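Let's take a friendly look at aromatic rings and the company they keep. Have the sequence and the 3D view ready as you read.

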Amino acid sequence: VQLQASGGGLVQAGGSLRLACAASGRTLSIYAMGWFRQAPGKEREFIAHISRSGGSTYYGDSVKGRFTISRDKAKNTVYLQMNNLKPEDTAVYYCAGRLPVPYDSKWYENPSGMDYWGKGTLVTVSS
């Protein structure tokens, strides 16, 4: 499956953006999906994860209460709604997916736990 993230841009602190991750070549509905981000000079960071069914979601501590992950099966798209953005949210955001495995560990928080990656989209938050 080929993934493509979009929706990034420049926003002022306190503002909102919605990122989208679209798929080509295969339906997204069979994959568990996640969002990660990477700021310059930093490691790739887990942001959010949604189960294949959409019934379970998980968030990184730095974005809990501000970001929401969701999926629209009809549109074959996964979203990341980002509210109350802060300058420290500035990064390239990536969507990723994998065929799901049991949630008996937090494999979804590790970039190596995901199999498919899209090209990122840059989010810049100005102070």
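In this predicted model, one aromatic cluster is formed by Phe36, Phe46, Tyr58, Tyr94, Tyr103, Trp107, Tyr108 and Trp117. Try finding these rings in the viewer before reading on.

How many aromatic pairs does the structure hold? There are ten aromatic pairs. Let's begin with Tyr94 and Trp117: their ring centres are 6.4 Å apart and their planes stand at 75°, so this pair is edge-to-face. An angle over 60 degrees is what earns that name. The pair also links distant parts of the chain, since Tyr94 belongs to strand β9 (residues 91–98) and Trp117 to strand β10 (residues 116–117), with the two 23 residues apart.

Are these two partners buried or exposed? Tyr94 has 17% relative accessibility and therefore counts as buried, because the cut-off for buried is under 20%. Trp117, with a relative accessible area of 29%, is partly exposed.

Next come Trp107 and Tyr108, another aromatic pair with edge-to-face geometry: 5.9 Å from centre to centre and 80° between the planes. Both Trp107 and Tyr108 are buried.

Rings can have charged partners too. Here are two arginines to look for:

| Charged end | Ring below it | Distance to ring centre |
|---|---|---|
| Arg18 | Tyr79 | 4.1 Å |
| Arg98 | Trp107 | 5.0 Å |

Trp107 is a good place to pause: the charged end of Arg98 sits over its ring, Tyr108 pairs with Trp107 edge-to-face, and Trp107 is a member of the aromatic cluster.

Terms used:
Residues numbered from 1 in each chain as written. Predicted model: local features only at pLDDT ≥ 70, side-chain atom pairs only at ≥ 80, totals over all residues. Heavy atoms only, no water. Phe/Tyr/Trp six-rings, centres within 6.5 Å; stacked < 30°, edge-to-face > 60°. Helix = DSSP H or I, 4+ residues; strand = E, 2+ residues; numbered from the N terminus. Buried < 20%, exposed > 50% of the residue type's maximum accessible area, 1.4 Å probe, protein only. Lys NZ or Arg CZ within 6 Å of the ring centre and 35° of its normal.
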